[in-house]
Structure formats: C-alpha cells, structure tokens
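Welcome! Here is a short tour for someone meeting this molecule for the first time. Have a look at the sequence and the model below, and then we will walk through some of the details together.

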Amino acid sequence: MKALVLDMTHGGDIIARRLLGEGYEVTCVDVYRNCPEDRRREMEELEIRVTDTAPKWRYDLITLPAHCPRSFIGEAEGDRIITFSQAVGELIDDRRFRIEVTGVKGKTSACYLISKILHDSGRRVLLHSSRGEGPWTTAGHYIERNVSIAPPYLMTLPAGDYDAIVAEVSLGGSGKADIACISNLVEDYGIAKNTLKASFGKKDILCGKVNIVPENEVEFWSQYTDNLRGYRSRVKAVSEPKLGEGLRVSVDYDGITEITLDPSYVATEYLNAMDLALEVCEAVGVHRHYVLEALQSFKGVPGRGEIRREDGRTVILERNPGISRLSVARTLECLSRMGALDGAVAILDPVSRKVCDKMDADGIREEVEKYGLPLFITRGDGVFPEIPAEARILVEFVKEAYQ
C-alpha cells in the first residue's frame with residue numbers, strides 16, 4: 001500500500017510515521033518547503049520518502065490538512081483522499097476521556113475555563129492549548145511544552161493517568177472525542193486559497209458521543225450530524241462593566257445565582273466561553289458549587305484581555321494568533337462599555353515580518369479609528385514606537401502567528 005502525505009508543517013510527519021506503522025509505503029511532501037533538515041533526515045532514516053512536490057503516482061491514500069490547497073496534489077492520484085482530521089480519526093488509539101474544542105473565536109478561553117472547573121472539582125486534567133501543553137494545577141496551567149494545536153498532535157498527547165484531557169484544535173479534530181465542542185463560527189473564513197470554508201475543516205471534530213455548538217448554529221451543523229447540544233447564554237452581566245471593578249453576573253447552572261468575577265481581566269470578552277464551559281460541565285456532571293467557585297476565582301487566560309499596571313499606566317493586553325479585524329472590533333466594543341478608552345492609545349504588534357505581511361492592518365486600523373484612538377503599528381522587528389507620556393491606557397494587540 002502507498003500513501004502520500006502533504007504538508008510537513010502541521011503534523012504531516014506524525015501521520016507519516018503512523019501510516020508507516022500501518023504497513024504503508026509513505027511519501028511525505030514538504031509543500032511549504034520549510035521542514036527542518038534534521039526532521040527530513042529522521043524521516044528518510046525511517047525510509048519515508050520526502051519530496052518538495054507530489055510525485056506523479058497513484059496512491060491508495062492521500063491525506064492533507066483541510067486548509068491545504070488541493071492543487072498541491074498535482075498530478076498524483078489517490079483511491080482515497082482525506083483530511084488530516086479524518087486520518088487522525090482512523091489512527092488515534094488514545095482512549096482516555098477527551099474534550100476537544102475548535103471554533104473561530106474563544107477556543108483557548110473555553111479550554112482554560114473547562115480545565116479550571118474540572119480541576120477544582122477534583123479531577124486530574126491535562127490541557128493541550130495554543131499557549132502550551134501540560135497539567136492543570138492549583139496554580140493554574142503548568143506548561144511543559146509548546147506544541148501545535150493542529151489535529152495530528154492529538155496523537156502525541158503525553159502519557160498520564162488523567163481524568164480528562166482538554167484539547168484545543170485549530171481546524172477540525174479527531175471525531176473520536178467524548179465531548180466535541182465548536183465555540184462558534186462567527187466568521188466562516190476562506191481556507192485552501194479560498195477554495196473551501198473554515199467550516200469544512202471544523203466539522204471533522206463532530207463525534208458520535210456529545211457534540212456542543214452554539215444554539216443559534218445548531219441548524220447549520222445539523223447538516224453533518226443530528227447529535228447536537230446547543231449551548232445558550234447562561235452567564236449574563238447584571239452590572240455595568242468598569243475598568244478595575246469585578247463584573248457582577250448571574251449564572252444559570254442548576255439554579256440562578258449572582259457572583260462577582262475577578263477584575264484582572266476583561267470579563268465581558270469571556271461570557272460566551274463561560275456559556276460553553278458550563279454546557280460541558282453539565283454534560284460531565286460537575287456540581288454547581290465547584291462551577292461557581294471556579295468562575296469567581298478565574299483570572300482569565302494570560303495575555304487574553306489581561307489588565308495590568310505598567311510604567312504608570314493601565315495596559316490591556318490581547319496576545320494571540322487570532323488577532324483580526326473582527327477580534328479587535330470586539331475588544332474595543334467591550335472596552336468602550338467599560339469606559340476604558342478615554343485617553344487610550346492602541347498598538348498593533350505583528351511580532352514578525354512574515355505575520356505582518358499577511359495581517360489585515362488596514363482593516364484593523366479602520367476599526368480602531370471608529371473609536372478615535374491613535375494607533376501605532378510596529379514593523380514586526382521587535383522595536384516598539386514611543387508611546388505618548390500622556391496616554392493613561394494602552395491597548396496592546398499582539399498577533400503572535402498567522403491563523
């Protein structure tokens with residue numbers, strides 16, 4: 001049997017090794033031509049052929065990421081052509097209880113909330129997220145390694161006797177989780193050079209057990225399965241959000257109770273993620289006491305709506321790969337409601353030149369200008385512009401990778 005694996009950047013080498021173990025003769029294509037030489041040598045030592053373009057051949061199986069343009073297949077032919085997510089679904093053998101989360105916005109926030117609540121209820125939890133992978137502890141997420149959230153990395157989860165694994169996944173999932181979640185599809189953006197939509201990849205997370213999607217998206221996702229639970233608005237603000245004050249919210253979970261959230265983060269950005277987390281907790285059977293206590297002590301995801309004092313001013317930090325026109329608009333709307341834009345300036349840092357070239361800087365600038373804020377954009381070379389001394393609030397958007 002012959003298999004062709006396209007893309008060495010998003011876990012193709014992991015799938016290639018697994019297919020080799022299944023008896024396939026494997027060819028792996030470095031379509032982006034950025035595979036490190038040491039990894040190429042490792043593959044070739046295993047007798048996995050590595051090429052830069054797809055050889056003209058007929059294969060029993062061709063697999064590639066959902067976002068990879070089909071044009072990269074070239075003149076190769078395959079009896080079966082499947083996505084990486086579908087390949088993971090066939091190859092994964094991890095039977096530990098696993099919750100997988102994909103979506104457009106709020107994936108990391110939801111995973112952090114789910115992990116904290118499950119841990120605080122007495123469960124041993126491993127969190128695999130865009131910020132890193134490691135166990136959840138009393139001090140929060142202990143990151144042991146930085147790892148991609150592409151679907152193949154679900155097959156490299158570390159060993160350990162965990163009660164639950166909470167895994168954030170970029171496009172898709174294994175289709176074999178115990179609970180599969182789609183945070184939302186607020187933007188069904190183009191993938192594979194705009195030949196497909198993001199939903200094409202994300203649908204592969206849906207499983208045969210529990211599937212949780214936004215209540216207003218149940219109809220859309222029902223074209224792929226009728227086994228769906230729609231999550232609704234369970235956490236609602238009952239006080240006006242103000243910078244430096246904890247947001248008062250009502251929580252609908254086995255009864256309605258009011259609690260105050262921690263003031264160290266922009267809580268209004270997290271309400272949808274809280275709604276999703278509570279739906280997961282209900283499916284797992286977490287007692288309301290642990291849910292309420294965990295929500296009250298949650299301090300947000302580091303760098304995601306984080307509020308801190310620095311150099312005599314208030315800094316609101318948004319650092320994640322999902323910085324976009326849509327996310328910036330959402331953040332500024334939340335901050336405007338908090339009265340946190342008076343005397344504020346914004347800075348947009350694409351971290352690297354590569355990210356800067358692909359970022360919609362003009363669209364982001366338009367959103368910032370709607371609120372009358374000065375915007376400084378770095379060159380992606382690590383050099384920050386001088387911020388006016390009179391600026392009392394700095395809203396910092398850091399797009400640390402291209403998504």
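What follows is a report on a sheet, a helix, two backbone angles and the cysteines of this predicted model.

**The sheet and its helix**

Let us begin with the sheet. Five strands make up an open sheet with parallel pairing, and their order across it is β3-β2-β1-β4-β5. At the edges are β3, residues 49–51, and β5, residues 77–83, and each of these two pairs on one side only. On average, neighbouring strands of this sheet are turned by 20 degrees against each other, with direction ignored. As general background, the strands of a sheet pair through backbone hydrogen bonds, in either a parallel or an antiparallel way.

Now take one pair from this sheet. Strand β1 covers residues 2–6 and strand β4 covers residues 58–64; the two run parallel and are joined by three bridges. If you would like a spot to find on screen, A3 stands opposite L61 in β4.

A helix joins the picture here. Helix α1, made of residues 12–21, lies across β1, β2 and β4. Its direction is at about 170 degrees to that of β2, which spans residues 25–29.

**Two positive phi angles**

Next come two residues that are not glycine and yet have a positive phi: R33, at about 55 degrees, and A192, near 50 degrees. Where do they lie? R33 is in the loop between β2 and α2, the latter being residues 37–45. A192 is in the loop between β12 (190–191) and β13 (196–197). Their surroundings can be described too: R33 is exposed, with a relative accessible area of 55%, whereas A192 counts as buried at 3% relative accessibility.

**The cysteines**

How many disulfides does the model have? The count comes to zero. A disulfide is a covalent bond between the sulfur atoms of two cysteines, and to be counted here the two sulfur atoms must be within 2.5 Å. The table looks at two of the cysteines.

| Cysteine | Closest cysteine sulfur | Sulfur distance | Relative accessible area |
|---|---|---|---|
| C181 | C111 | 7.9 Å | 0% |
| C281 | C181 | 10 Å | 0% |

The sulfur of C181 is 7.9 Å from that of C111, so it is too far away for a bond. C281 has its closest cysteine sulfur in C181, and at 10 Å that is also too far for a bond. As for their surroundings, C181 is buried, and C281 is buried as well.

Notes
Residues numbered from 1 in each chain as written. Predicted model: local features only at pLDDT ≥ 70, side-chain atom pairs only at ≥ 80, totals over all residues. Heavy atoms only, no water. Pairing = 2+ DSSP bridges. Helix = DSSP H or I, 4+ residues; strand = E, 2+ residues; numbered from the N terminus. Axes fitted to C-alpha atoms, helices over the stretch in contact; angles between N-to-C directions. Contact = heavy atoms within 4.5 Å. Buried < 20%, exposed > 50% of the residue type's maximum accessible area, 1.4 Å probe, protein only.
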